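Here's a quick tour of a protein with a ligand bound to it. Have a look at the model first, then we'll walk through a few spots.

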Amino acid sequence: MSLYARIRDDLNSVLERDPAARSRLEVFLCYPGLWAVWIHRISHALWRAKLRLFARLLSQVGRFFTGVDIHPGATLGRRLFIDHATGVVIGETAIVGNDVTMYQGVTLGGTGKGHGKRHPTVCDGVFIGNNANLLGNITIGENSRVGAGSVVLSDVPPDSTVVGVPAHIVYRNGERVLITDPHDIKDPLSDALIALSARVEEMEKQLGGKPQPAEPFATEEAERAAYRKRLARMREYVSMGEGI
Ligand SMILES: CC(C)(COP(=O)(O)OP(=O)(O)OC[C@H]1O[C@@H](n2cnc3c(N)ncnc32)[C@H](O)[C@@H]1OP(=O)(O)O)[C@@H](O)C(=O)NCCC(=O)NCCS
């Protein structure tokens, strides 16, 4: 593919993904996230040619002008779109697939503990919301979505949506995933919740038999379904934040 065709491909991919973009010229002139990717292509070539210092210097020049810090050793796929650019950090051993979208403040970083491959692998078609932190040698499966502000510390299966700190799955293959077992909650309150649930079970046993609800979390799920129905009616007026 010629250089011109590649640039055109990048510009078109931004036009497809950002409703705020109006023309290729506007994208070319006003999207520092794209400039950062283009500068990385050159610094990565220098890195592979073992001109390591020049590669690092160029990536620092790129960081100065775009606010995006991509290590020249990182491997980036085609049509990566970094919207709003500022504050994105991509570590040396990170691998990013094709058609990935990320917003400002995303970090593909190490945990500070490992050597060798210590940054995430992000597969094709992944969407990463603003200020999400993906840490360590983890893999984010194809077409998954990472919520804004999430901290992802373990692998994410393909076609899933993860949110929270630390991140947990809320959708998988289009199906809502509800946490019904306190062992699945990985936050500072986990131990307290597990102890509480064990205590409740013990008390139920003492009272003689556990009353079984028809379906766990049925009321909560019904409330959510009603809310989503209302939201679907308003869809044409409400944006989920993408493309702002
Ligand atoms: C993660 C995301 C893609 C999910 O969108 P979605 O598929 O429409 O999911 P929903 O809105 O149905 O949310 C599912 C659940 O996750 C929760 N959730 C969604 N995003 C979350 C987030 N970033 N952090 C924590 N919880 C979140 C919702 O509250 C909901 O929980 P509930 O059903 O218990 O109330 C979206 O919320 C998001 O974070 N987009 C990022 C947008 C962005 O970065 N914009 C920047 C523009 S400059």
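Which side chain has an N or O atom 2.8 Å from an oxygen atom of the ligand? That's Asn 130. Keep in mind that this is a predicted model.

**Around the ligand**

Asn 130 isn't on its own here: 19 residues surround the ligand, and the closest are Asn 130, Ala 148, Tyr 171, Arg 176 and Arg 224. Three of the polar contacts are set out below.

| Residue | Atom in the residue | Atom in the ligand | Distance |
|---|---|---|---|
| Asn 130 | side-chain N or O | oxygen | 2.8 Å |
| Ala 148 | backbone N or O | nitrogen | 2.9 Å |
| Tyr 171 | side-chain N or O | oxygen | 3.0 Å |

So much for single atoms; how much of the ligand's surface does the protein bury? On its own the ligand would expose 920 Å², and 67% of that is buried by the protein. Three elements each give two or more residues to the shell: β14 (160-163), β15 (168-172) and α6 (218-234). Sorted by class, that shell is made up of 8 nonpolar, 7 polar and 4 charged residues.

**A helix pair**

Now for α3 (residues 32-48) and α4 (residues 52-66). These two helices pack with their axes 8 Å apart, at an angle of about 175°. Angles over 145 degrees count as roughly antiparallel, and that's why α3 and α4 get that description.

Who meets whom? On the α3 side you'll find Pro 32, Trp 35, Ala 36, Ile 39, Ile 42, Ser 43, Leu 46 and Trp 47. Facing them from α4 are Arg 52, Phe 54, Ala 55, Arg 56, Leu 58, Ser 59, Gly 62 and Thr 66. The contact between α3 and α4 counts 10 nonpolar, 4 polar and 2 charged residues.

**Two backbone oddities**

Most peptide bonds are trans, and most residues other than glycine have a negative phi. With that in mind, what kind of peptide bond joins Val 165 and Pro 166? A cis one, with omega at about -15°. Pro 166 sits in the loop between β14 and β15, and both of those strands give residues to the ligand shell.

The other one to check is Ala 85, which isn't a glycine but still has a positive phi of about 65°. Look for Ala 85 in the loop that runs between β3 (81-83) and β4 (89-90).

Technical notes. Residues numbered from 1 in each chain as written. Predicted model: local features only at pLDDT ≥ 70, side-chain atom pairs only at ≥ 80, totals over all residues. Heavy atoms only, no water. Near = heavy atom within 4 Å. Polar contact = N/O pair within 3.5 Å; in protein donor to acceptor, adjacent residues only side chain to side chain. Areas by Shrake-Rupley, 256 points an atom, 1.4 Å probe, with all protein chains shown as cover. Helix = DSSP H or I, 4+ residues; strand = E, 2+ residues; numbered from the N terminus. Nonpolar A, V, L, I, M, F, W, Y, C, P; charged D, E, K, R; others polar. Axes fitted to C-alpha atoms, helices over the stretch in contact; angles between N-to-C directions. Parallel < 35°, antiparallel > 145°, perpendicular 65-115°, else oblique. Contact = heavy atoms within 4.5 Å.
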